[in-house]
Amino acid sequence: MQSGKTKYLFVTGGVVSSLGKGIVSASIGQLLQARGYRIQIQKFDPYINIDPGTLNPYEHGECYVTRDGTEADLDLGHYERFTGIRTSAANTQTTGKIYLAVIERERRGDYLGRTIQVVPHITDEIKRRVKLMEQSEDVDFVITEIGGTVGDIESTPFLEAIRQLKWELGRRALSIHLTYVPRLKAAGEVKTKPTQHSVKELQSIGIQPDILVLRTEQQLDDEVLRKVSHFCNVDEDCVFQSIDMPSIYEVPVSLLQQGLDKAILEKMDCPTAAEPDMNAWQTFLDKSKHLGQEAEIALVGKYDLQDAYKSIRESLYLAGVYCNCKIKATFIDAERLTSQTVAQQLGGKDGILICPGFGSRGIEGKIVAAQYGREQDIPTFGICLGMQAMVIEFARNVLGMSDANSTEMDKKTHHNVIDIMDEQKNISNMGGTMRLGAYTCQLQPGTRAAKIYGNLSVNERHRHRYEFNNAFEQQFECKGMRCAGHNMGSNLVEVVEMTDKKWYLGTQFHPEYESTVLRPHPLFVDFIKTIMK
């Protein structure tokens, strides 16, 4: 496709939230890639927060982190895992970011005294950010997912901006609307009225969807699809269904079989003769359907919510597929984990993963889990705060520092084996001020970490304020916990391990953010391989 002819796909949702717009957007991106097109995907969230960095996971699931240090919606994780693209600040926008930018310009006097309004100033800023991808790199398609549901007050400026862009871009823009088709059990039939109302709501804003994707638990018959087509003014061959699948990674194949990618290309005057290359993806799916033994991994954390540790769960699953192992990830509430209950809750588990997080709630349970994994020689993986729990436990029970702690939990401890980073000490604002993004870690030769990576220099993403206190490094090394990786610039300890255990390793960084469908992260793969042995 010629440079400067980038095409735009706008994905909206109706009827209810949590329909899977992110999965559908990522699937479309993957299918277009399979046909040889270069794609980027961005997410526009209607909430007023600047980013999800200060949001409770119960409010919005996990906070994803891009390589450039942007805190983002978890859907960016789906985008990266499905397509292998690397996202950045340009891929994630919120109402808060957009209003803040406009207000800052107004305060500087950039608008020369004009009255600032939603239209055109806010909508113009939204349109400018939609086009950032085209300006920053040469891409054929930009997929823009609008969070929330059509009809929400918060979404209105975004939909107005889409309406304007569709008018300005003509055949270079396409509207894809995802709705829910419920099945009433008592009546024994599906109902299309919610979809009709959702499309009517979209039409009232001035947007006619070009393609409909119907979210459904069961297969819809042709009569239902024709009815939706007729009442929603959408071509019959442009009505598709996103059916519940055993795995989210089967969604692209399901949409491919229905011809969604072909319909998009035909609508946008793009060639459709070449068949998509789905060989690697299909190989992955074939492996996932014929897994051997099962491994039960205890996820020790404080958020009993699937989306709170989404990237970790998916990284375990992806590694399991490539190791021919079915992963059963069992949440263990760190707040209820004590030395009296640990054997009952963690005994019999094949592996332990101590989850990241912030704050003192549940930290003692994570420390207990680290001790149990170390003493019982159960493969144990600690990520971020999970790694810090390993360090605190080792200091208390091996080095004899009974009050060892992180200053995040106990500012008066005499053995602050985890301490706040120097550059974090004078920061007052919570949002976007942590150590964020990708940094290079130098691994020590001969360590397990170096063998796993097959490289002494690795690049991983961070999200933390506290670090290993290097004043204690020699004492840890002498007693068997090796500081296996450091950031050469700051000398920050980023990997700890115990080589006399089957698998006992912690990382200050978040390896789960680098795991994709076609390239599972080596740390997760080796963790599962060790468990299988």
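For the pocket linings discussed here, Ala, Val, Leu, Ile, Met, Phe, Trp, Tyr, Cys and Pro count as nonpolar, Asp, Glu, Lys and Arg as charged, and the others, Gly among them, as polar. The model is a predicted one. With that counting, the lining of the largest pocket comes out at 18 nonpolar, 13 polar and 17 charged residues. This pocket holds about 1400 Å³ of space. Its lining runs to 48 residues, and I23, L74, H78, D307 and K310 sit closest to its centre. As for secondary structure, the elements that put two or more residues into this lining are α1 (21-34), β2 (39-45), α2 (57-60), α3 (75-83), β11 (239-243), α13 (310-322) and β13 (326-333).

The second largest pocket has a volume of about 680 Å³. Of the 34 residues around it, G53, G357, F358, M434 and R463 are the closest to its centre. Sorted by class, this lining has 17 nonpolar, ten polar and seven charged residues.

Next come the closed spaces. Rolling a probe the size of a water molecule over the atoms shows where empty space is left. Here, two cavities of 30 Å³ or more turn up. The largest cavity takes in about 60 Å³, with G357, F358, C384, L385, Q388, E408, H464, R465 and Y466 as its lining. Four of those lining residues are nonpolar, three polar and two charged. G357 and F358 thus appear in the lining of this cavity and also among the residues closest to the centre of the second largest pocket. The second largest cavity offers about 30 Å³. Around it lie T12, G13, I146, G147, G148, T149, V150, S155 and L159, a set with three nonpolar, six polar and no charged residues.

On to the aromatic side chains. A pair of aromatic rings is described by the distance of the centres and the angle of the planes. The structure holds 19 such aromatic pairs. One of them joins F44 and F158 edge-to-face, at 5.8 Å centre to centre and with 75° between the planes. F44 belongs to strand β2 and F158 to helix α7 (residues 156-169), so this contact ties together parts 114 residues apart in sequence. Both partners are tucked away: F44 is buried at 0% relative accessibility, and F158 is buried with a relative accessible area of 2%. Y303 and Y309 make a tilted pair, because their ring centres are 6.4 Å apart and their planes meet at 45°. Y303 is buried at a relative accessible area of 13%, and Y309 is buried at 3%. Elsewhere, F82, Y249, W281, F284, Y317 and Y322 gather into one aromatic cluster. There is a charge over a ring as well: the charged end of R435 sits over the ring of Y439, 3.8 Å from its centre.

Helix α7, home of F158, is worth a separate look. Its 14 residues span 20 Å from the first C-alpha to the last, close to the 20 Å expected at 1.5 Å a residue. Ten of the 14 are buried, so α7 is largely enclosed by the rest of the structure. The buried residues are P157, F158, L159, E160, A161, I162, Q164, L165, K166 and L169. One of these, L159, also lines the second largest cavity. Just after the helix, G170 takes a positive phi of about 60°. Another buried phenylalanine, F527, has a relative accessible area of 0% and lies in helix α19 (residues 522-532). From F527 to K411 the separation is 116 residues in sequence and 34 Å in space, C-alpha to C-alpha.

A few backbone oddities round things off. Most residues other than glycine have a negative phi, and most peptide bonds are trans. V119 and P120, however, are joined by a cis peptide bond with omega of about 20°, and P120 is part of helix α5 (residues 118-130). D269 has a positive phi, near 60°; D269 lies in the loop between α11 (260-267) and α12 (279-288) and is exposed, with a relative accessible area of 54%. N491 likewise has a positive phi, near 65°. N491 falls in the loop between β21 (482-486) and β22 (493-497) and is partly exposed, at a relative accessible area of 41%.

Definitions and conventions. Residues numbered from 1 in each chain as written. Predicted model: local features only at pLDDT ≥ 70, side-chain atom pairs only at ≥ 80, totals over all residues. Heavy atoms only, no water. 1 Å grid on protein atoms, 1.4 Å probe; cavity = no way out; pocket = protein on both sides within 12 Å on 5 of 7 lines; lining within 4 Å. Points joined across faces, edges and corners; volume = space filled by probe spheres on them. Helix = DSSP H or I, 4+ residues; strand = E, 2+ residues; numbered from the N terminus. Phe/Tyr/Trp six-rings, centres within 6.5 Å; stacked < 30°, edge-to-face > 60°. Buried < 20%, exposed > 50% of the residue type's maximum accessible area, 1.4 Å probe, protein only. Lys NZ or Arg CZ within 6 Å of the ring centre and 35° of its normal. Expected span 1.5 Å × (residues − 1).
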